Amino acid sequence: MSPRELTVRFHGVLNDFLAPERRDVAFTHVLQGSPSVKDLIESLGPPHPEVDVVLVDGEAVGFEHRARADTRLVVYPALQAPGVPPEARVGPPLPDMPRFVLDVGLGRLSGFLRMLGFDTLWRNDSADEHLARLSRQESRVLLTRDLGLLKRSEVVHGYFPRATDPAHQLVEVVRRYALTERMRPFSRCMACNALLSAASPDEVQGRVPEGVAGRHSHFRQCPGCQRVFWPGTHHDRMQGLVDTLRRLEAVGT
């Protein structure tokens, strides 16, 4: 090892962000200056919100720790570092009921999360700086496939969905944040995020197709956008997705 080198090893899903030859192995890295371990980690690929524990020569350190030559840097994602107490982890704990904010490319995923009952903010015109600031100010998990956005210093909690299919992205997020037991399906408007309330057939008369009004007696309405929901074919498809998520959790796959 040269005087300006250190050894680096990433574990678990953090390897997704590395060059193929650096995945699941220890490798040497030549230091440029004296960067913080946060800046060093992100220069190698992984975004800091996906990092849970950083060890230098076996000792847990914070993101502000300065990298030094002739040391061994080991980095773990969430839930994979053995025997590390909560106070030694680099990120603060999540709230009991996570809330989310999504970038412009994840509109369908935002609808799925709302369908499961999670407070989820999304607009098709939000600027990166607004999303990063909102994530920090409101303690929301930022979901984005833009690594530059996820690496902004304001972001505390965040995740990069690996899949491109929204249903598969939903499975990833539910697993990453252990959401199955927190789901409250069909309690929130998929369009505007407001909490739904029960409505009688009389209350929705004239706002639903005549055939629907004749076949159904239970409705939910949105106080924000005034949409009306009922257990039709789309509801059945969504219920199937909810059931699939619960089965996956039960079998641990």
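**Exercise 1. In this predicted model, find the residues that Leu 116 contacts, leaving aside its neighbours within four places in sequence, and place Leu 116 in its nonpolar core.**

Step 1. Once the neighbours within four places are set aside, Leu 116 is in contact with Leu 170, Val 174, Met 183, Arg 184, Pro 185, Val 242 and Leu 245.

Step 2. The largest nonpolar core has 24 residues, and Leu 116 belongs to the group that touches the most other members, together with Phe 100, Leu 113, Leu 143, Leu 170 and Val 173. Two or more residues of this core come from each of S6, helix H2 (107-115), S8, helix H5 (166-176) and helix H8 (233-251).

Step 3. A second core, separate from this one, holds 21 residues, among them Val 8, Leu 14, Val 37 and Val 51.

**Exercise 2. Work out the strand order of the four-stranded open sheet, and explain why one side of S7 and of S9 is left without a neighbour in the sheet.**

Step 1. The order of the four strands is S7-S6-S8-S9, with parallel pairing.

Step 2. Strand S7 (120-121) and strand S9 (158-159) are at the edges and have a single partner strand each, so one side of each lacks a neighbour in the sheet.

Step 3. Strand S6 (residues 100-102) runs parallel to S7 and is joined to it by two bridges; Val 101 stands opposite Leu 121 in S7. Helix H3 (residues 128-137) packs on the sheet, where it touches S6, S7 and strand S8 (141-143), and its direction makes about 175° with that of S6.

**Exercise 3. Describe the span of the UniProt feature at residues 6-80, then the faces of strand S2 and the cover of helix H1.**

Step 1. According to UniProt, in an unreviewed entry, residues 6-80 carry the feature "domain: Ubiquitin Mut7-C". In the model this span is 11% helix and 31% strand, and its end C-alpha atoms lie 23 Å apart.

Step 2. In a regular strand the side chains alternate between the two faces of the sheet. Strand S2 (residues 27-30) alternates in this way: Phe 27 and His 29 point to one face and are buried, whereas Thr 28 and Val 30 point to the other and are not. Strand S1 (residues 5-10) is antiparallel to S2 and joined to it by four bridges, with Val 8 opposite Phe 27.

Step 3. Helix H1 (residues 37-44) is mostly covered, since six of its eight residues are buried; these are Val 37, Lys 38, Leu 40, Ile 41, Glu 42 and Leu 44. The buried residues of H1 pack against S1, S2, strand S3 (51-56) and strand S5 (72-77), and just after the helix Gly 45 takes a positive phi of about 135°.

**Exercise 4. Decide how many disulfides the model contains, taking Cys 192 and Cys 225 as test cases.**

Step 1. A disulfide is a covalent bond between the sulfur atoms of two cysteines, and the cut-off applied here is a pair of sulfur atoms within 2.5 Å.

Step 2. For Cys 192 the closest cysteine sulfur is that of Cys 222, at 3.3 Å, which is too far for a bond. Cys 192 is partly exposed, at 31% relative accessibility.

Step 3. For Cys 225 the closest cysteine sulfur is that of Cys 189, at 3.6 Å, again too far for a bond. Cys 225 is partly exposed as well, at 26% relative accessibility.

Step 4. The count by this rule is zero disulfides.

How values were computed. Residues are numbered from 1 along each chain as its sequence is written. This is a predicted model: local features need pLDDT of at least 70, side-chain atom pairs count only at pLDDT 80 or more; totals for chains, interfaces and linings use all residues. Side-chain values use heavy atoms; hydrogens and water are left out. Two strands pair if DSSP finds at least two bridges between them. Contact means heavy atoms within 4.5 Å. Axes are lines fitted to C-alpha atoms, for helices over the stretch in contact, and angles run from 0 to 180 degrees between N-to-C directions. A nonpolar core is a set of buried Ala, Val, Leu, Ile, Met, Phe, Trp, Tyr and Cys residues joined through side-chain atoms within 4.5 Å. Buried means under 20% relative accessible area, exposed over 50%, partly exposed in between (1.4 Å probe, protein chains only). UniProt positions are given in the numbering used here, feature names are shortened, and annotations may be inferred rather than shown by experiment.
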